[in-house]
Structures are given as C-alpha cells and as structure tokens.
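Visitor: I have a chain to look over and would like a guided reading. Please take it step by step.

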Amino acid sequence: MKSYIISTTFIDIIFLIFHLNILLQHITPVFSAPLAPIPPDKASLQSWAALNLLSPEKRQADLDPALATAEKDVVTIKVRKDGSGQFKTLTEAVKSIPKGNTKRTIISIGPGIYKEKVTIEREQPFVTFFGDPKDMPTITFDVGSVLVYSKYFMAVNIIFENSSPMPKMGSMDGQAVSLTLFDDYAALYNCKFKGFQDTLCDLHGNHFFKDCYIQGMADFIFGNGKSIYLNTEIKALWDAGGVINRFAFVHCSISGVSNGKTYLGRLWKPYGKTVFLYADMSSVIHPEGWSDNGNKTVDSTLYNAEYMCTGPGANLGSRVKFAKKLTDAEAKPYLDLNYINAAKWLLPPPQVK
C-alpha cells in the first residue's frame, strides 16, 4: 500500500485559506475607484463632487495610511467668543493640539471676528478649521494672518483676512497675506480670502480650493504650489494680475474694478505655469491676457494657457504670442484630480454638528 506524506505546512495553508474566505465574506470590500475628470458643464459640478470626493470610509484603499488612521479617530474642539466653547481664542485651541498629532482635529469656530495671528506648526497635521456657512467666522491680522506649516490641513466656511490698509495705487510695498500654505495636501471649501497685495500665498504642495472667493489688488494669488481652484470667484481690486505658478483655475469667474487692465498672470519666475479652463472672464481682463513684465527672454519657458473660456475677457484675438490655446488633449491633465495626486489625500468637508 502506498503511503502519502503531506507536510503540516501545506495543511496549515489550506486551513488558512479556508478561514480567510469565511472572513472576507463578512467584510465590505473597499475598491480603488478612478476619479472622473471635472465636467465641462458647470451645473454638473455638485453631482460630480458627490461621486468623486468620497468620505474616508469609502476611500481606505486609496488614502495615505497616516491619513486613513487619523480619520478613524476624530476630535472636535469648540472655539466660541462668548465662552460657551472650550476656548475663546483660536490661538489657544491650536496650541492645545499636541505635537506629533495623529488624529483628525476639527476646530469648530463660532461666529465673530478673531483678531489673531494663527500658526499651525509642522508637527500638527490633520487640523480642520470649520465655521458656520450662515455666519462665517473671520480670522484677521495685519501681518500674515494664518500660517499653516503642516500637512493635511482643511478649512471650511472660513474668512481669512489681512487687515492691512489699502496701499497707494502703484505701490508694491504693502504685502497683506491672509493665508500661507507651506506644505502638502490642503483642501479649502467655501472660504473667502480678503486682502490687497499678496492675499493668498499658495507656497508649496498639492492643494484644492472649491467654491471660494479671492480678492486683492496686486499679485494676490502667488507661490510655488500645485493647485486646482474649482468654481472660485476671483476679484481684482486693481489692474495687476495674480502671480501664479502651476495653478489650474477651472470653472472660475474673474471680475474687477478696472475694465481691460487686469492680467490673468504676470511673470514671477521664468518657469511659471498657469492654466484657465472653462473660466468666465469679464471685461476686466487686459486684451493681451498675460504679462512677462517686459522680459522677453522668458517667453519660451512660461506656460500661460487657456481652454474653452467664455465672457468678454476671453477673446484670444489680441493675446500675447507666448499665450497658449490648449487642445482637448493638452487640457485633459488639468481637469483630472490626479494633477494634485488627489486619490491619496483629498476628502470632502466633514459633517460637524
């Protein structure tokens, strides 16, 4: 009679597979879903967002492990000027967040004006500023109002303001930054940025702005960030354009106070990249569209482009020679959230009671 010898290792593997199959039947699988491109129809943005900006529970397979862990343990801190919260000032609330923070920390900010210079340190990731959309709080200061050095920052329904007075027309020494983003993975929803010169410093990293409002006089959107601005209103209070680098403005509207004098962007660095797609441009836009500040040597390295924009300011007939009119294929990368590596970090606004 033949004898068959089967190793215990093989038997253990069979039993392991059997038990795993039983376990998997009781687990809801989380699949990595492809992100749909931003639609050409502005009316479809909300439905598009609902399908693509998914909650952490539906994104476990995609998210950075540290972010996925942080979203499982959410802490809420209430700031109320009337003393009904845990803190009366935003500065106190931020200081209460420990260094090396590993939890999503939502600072629920009550209505009112908070005259504070607020700094979120690099060791304080996963912080969310959350306000009431019906009575948005204002964070204001006259020098660099809010500085965010950490990753995974989010702001919802917040007004960021720099209270510095309006500089004289033509003056370039009145910097008034309302928010500076120093690091990666920041998402801002329904926020307003108010100032004059250098209002928003999108300094470094991948960022996402949706349903926001940005105003300023000179160079009021600037930095080295790689960001998508979606359905955002941009208002020029003077005739100088925003200094922009690697930014994609999609379904944004541009208005202002000086007809035909505002540039979409102007030279700041020789390799700047700015793209406007499906934008509504009012007559405030200068017919040339873009400015190299008279430095023709950088025209070949600048990337200033437009795609399917509308409005009286979108006429390409008098644009500068270095301006680009994108083809469908050239525009495609900027309509994809993967442009900012969104699959691994971008989340919708949280539900806060």
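The questions and answers below go through this model.

Guide: This is a predicted model, where local features need pLDDT of at least 70, side-chain atom pairs count only at pLDDT 80 or more, and totals for chains, interfaces and linings use all residues. Residues are numbered from 1 along each chain as its sequence is written, and side-chain values use heavy atoms, with hydrogens and water left out.

Visitor: How many helices and strands does the protein have?
Guide: Helices (H or I, at least four residues) and strands (E, at least two) are DSSP runs, numbered from the N terminus. On that basis, the protein has five helices and 26 strands.

Visitor: What share of the 353 residues is buried?
Guide: Buried means under 20% relative accessible area, exposed over 50%, partly exposed in between (1.4 Å probe, protein chains only). Among the 353 residues, the buried share is 51%.

Visitor: Which helix gives the most to the largest nonpolar core?
Guide: A nonpolar core is a set of buried Ala, Val, Leu, Ile, Met, Phe, Trp, Tyr and Cys residues joined through side-chain atoms within 4.5 Å. The largest one holds 54 residues, and those touching the most other members include Phe 153, Phe 160 and Leu 188. Three residues of this core come from the helix that gives the most, helix 4 (residues 90-95).

Visitor: How many residues are in the second core?
Guide: This core is separate and includes Trp 48, Val 156, Ala 187 and Leu 337. Its residue count is 40.

Visitor: Which strands stand at the edges of the open sheet?
Guide: Two strands pair if DSSP finds at least two bridges between them. Five strands form the open sheet in the order 4-7-10-13-16, with parallel pairing. Each edge strand has a single partner, so one side of it is left without a neighbour in the sheet. The edges are strand 4 (118-120) and strand 16 (221-222).

Visitor: Which residue in strand 10 stands opposite Val 148?
Guide: Strand 7 (residues 146-148) and strand 10 (residues 179-181) pair in the parallel sense over three bridges. Opposite Val 148 stands Leu 181.

Visitor: Is Leu 179 buried or exposed?
Guide: Leu 179 sits in strand 10. Contact means heavy atoms within 4.5 Å; leaving out residues up to four places away in sequence, Leu 179 touches Val 146, Phe 160 and Leu 188, among others. The relative accessibility of Leu 179 is 0%, so it counts as buried.

Visitor: Which residue in strand 17 is the bridge partner of His 207?
Guide: Strand 14 (residues 206-210) has five of its five residues buried. Asn 206, Phe 208 and Lys 210 lie on one side, His 207 and Phe 209 on the other. Strand 14 and strand 17 pair in the parallel sense over five bridges. In strand 17, His 207 is partnered by Ser 227.

Visitor: How far is the backbone nitrogen of Cys 212 from a polar atom of the side chain of Thr 232?
Guide: Thr 232 is in the loop between strand 17 (226-230) and strand 18 (233-236). Thr 232 counts as buried because its relative accessibility is 1%. The distance from the backbone nitrogen of Cys 212 to that side-chain atom is 3.4 Å.

Visitor: Which two strands each supply at least two residues of the lining of the largest pocket?
Guide: Of the 16 lining residues, those closest to the centre of the largest pocket are Pro 56, Glu 71, Pro 349, Pro 350 and Gln 351. The strands asked for are strand 1 (74-79) and strand 2 (104-109). A pocket here is an open set of points on a 1 Å grid over the protein atoms alone, where a 1.4 Å probe fits, with protein on both sides within 12 Å along at least five of seven lines; lining residues have an atom within 4 Å of a point. Once more, the two are strand 1 and strand 2.

Technical notes: Polar contact = N/O pair within 3.5 Å; in protein donor to acceptor, adjacent residues only side chain to side chain.
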